[in-house]
Amino acid sequence: MLTSRAAILALVVCVIALSLAYPLREYVAQRAQIAQLQEERSRMEESVRDLREREEALGSDEYVEREARLRLHYQYPGEIAYIVIRPEDEADDGVEAGPGEPWFTALWRSVRAADDPSAGAAP
């Protein structure tokens, strides 16, 4: 049946398998970590590329002018700007800035409302 030579051979095989198990597990874990870091690096490189493109765009006067007109509704003296309000926009119940009111007025109003202790207290 099981001789002493076979038992010793089985014991040696088990010791070798156990001694290789930990390094193999570490190797697999490190490979997974390397793959994750490479993916993160590619995302970061893409982000850097996008930011460099944005930096170049912000350096051009045409882009800055276009953004000021679209986002901030700036205009040259003598120009007339029209803002079209759709009917579904009028149905909003929130407190918003009026058409002639700057954005920071609405912001300050919301900060004051949030700071009001009587507004959050339940009766």
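## Salt bridges and helix packing

Arginine 71, with a relative accessibility of 59%, counts as exposed, because its value is over the 50% that marks this class. The model in which this residue sits is a predicted one, and the description below starts from arginine 71 and its charged partner before turning to the rest of the fold.

The partner is glutamate 67, whose side chain meets that of arginine 71 in a salt bridge with an N to O distance of 2.7 Å. Both residues belong to helix α2, which covers residues 61–71, and they are 4 residues apart, or about one turn of the helix. Glutamate 67 has a relative accessible area of 19% and is therefore buried, since the limit for that class is under 20%. The bridge thus pairs a buried glutamate 67 with an exposed arginine 71.

A search of the whole structure gives 6 salt bridges, and three of them are set out here.

| Salt bridge | N to O distance |
|---|---|
| Glutamate 67 and arginine 71 | 2.7 Å |
| Arginine 69 and glutamate 79 | 3.2 Å |
| Arginine 109 and glutamate 101 | 2.8 Å |

In the second pair of the table, arginine 69 and glutamate 79 form a salt bridge whose closest N and O atoms are 3.2 Å apart. Arginine 69 lies in helix α2, while glutamate 79 lies in the loop between α2 and α3 (87–90), so this pair ties together parts that are 10 residues apart in sequence. Both members are partly exposed, arginine 69 with a relative accessible area of 31% and glutamate 79 with a relative accessibility of 35%.

The third pair, arginine 109 with glutamate 101, has its closest N and O atoms 2.8 Å apart. Arginine 109 is partly exposed at 31% relative accessibility, and glutamate 101 is likewise partly exposed, at 28%. Elsewhere, salt bridges with shared partners join Glu65, Arg69 and Glu79 into one network. As a general point, side chains of opposite charge can pair when their charged atoms come close.

Two of these network residues have a further neighbour. Tyrosine 76, placed in the loop between α2 and α3, touches Glu65 and Arg69 when residues up to four places away in sequence are not counted. Tyrosine 76 is partly exposed, with a relative accessible area of 45%.

The loop between α2 and α3 also holds histidine 73, which is partly exposed at 48% relative accessibility. The backbone of histidine 73 has phi near 60°, a positive value in a residue other than glycine. For comparison, most residues other than glycine have a negative phi.

Helix α2 also packs against helix α1, which spans residues 4–58. The axes of α1 and α2 come within 8 Å and cross at roughly 90°, so the two helices are roughly perpendicular to each other. The meeting residues are Arg54, Ala57 and Leu58 on the α1 side and Tyr63, Val64 and Arg71 on the α2 side. Arg71 therefore appears in two settings, as a salt-bridge partner of glutamate 67 and as an exposed residue that takes part in the meeting of α1 with α2.

A nonpolar surface patch of about 610 Å² is formed by Trp103, Phe104, Leu107, Trp108 and Val111. Among them, phenylalanine 104 is located in helix α4, which covers residues 103–115, and phenylalanine 104 is partly exposed, with a relative accessible area of 48%.

For the protein as a whole, the secondary structure comes to 5 helices and 0 strands, and the elements run α-α-α-α-α from the N terminus on. Of the 123 residues, 3% count as buried, and glutamate 67, at 19% relative accessible area, is buried as well. The protein exposes about 11,800 Å², and carbon and sulfur atoms supply 60% of that area.

Technical notes:
Residues are numbered from 1 along each chain as its sequence is written. This is a predicted model: local features need pLDDT of at least 70, side-chain atom pairs count only at pLDDT 80 or more; totals for chains, interfaces and linings use all residues. Side-chain values use heavy atoms; hydrogens and water are left out. A salt bridge is a side-chain nitrogen of Lys or Arg within 4 Å of a carboxyl oxygen of Asp or Glu. Buried means under 20% relative accessible area, exposed over 50%, partly exposed in between (1.4 Å probe, protein chains only). Patches are made of residues with over 30% relative accessible area and no salt bridge: like charges are joined within 9 Å, nonpolar side chains (Val, Leu, Ile, Met, Phe, Trp, Tyr) within 5 Å. Accessible areas come from the Shrake-Rupley method with a 1.4 Å probe; for residues, only the protein chains shown count as cover. Axes are lines fitted to C-alpha atoms, for helices over the stretch in contact, and angles run from 0 to 180 degrees between N-to-C directions. Angles under 35 degrees count as roughly parallel, over 145 as roughly antiparallel, 65 to 115 as roughly perpendicular and the rest as oblique. Contact means heavy atoms within 4.5 Å.
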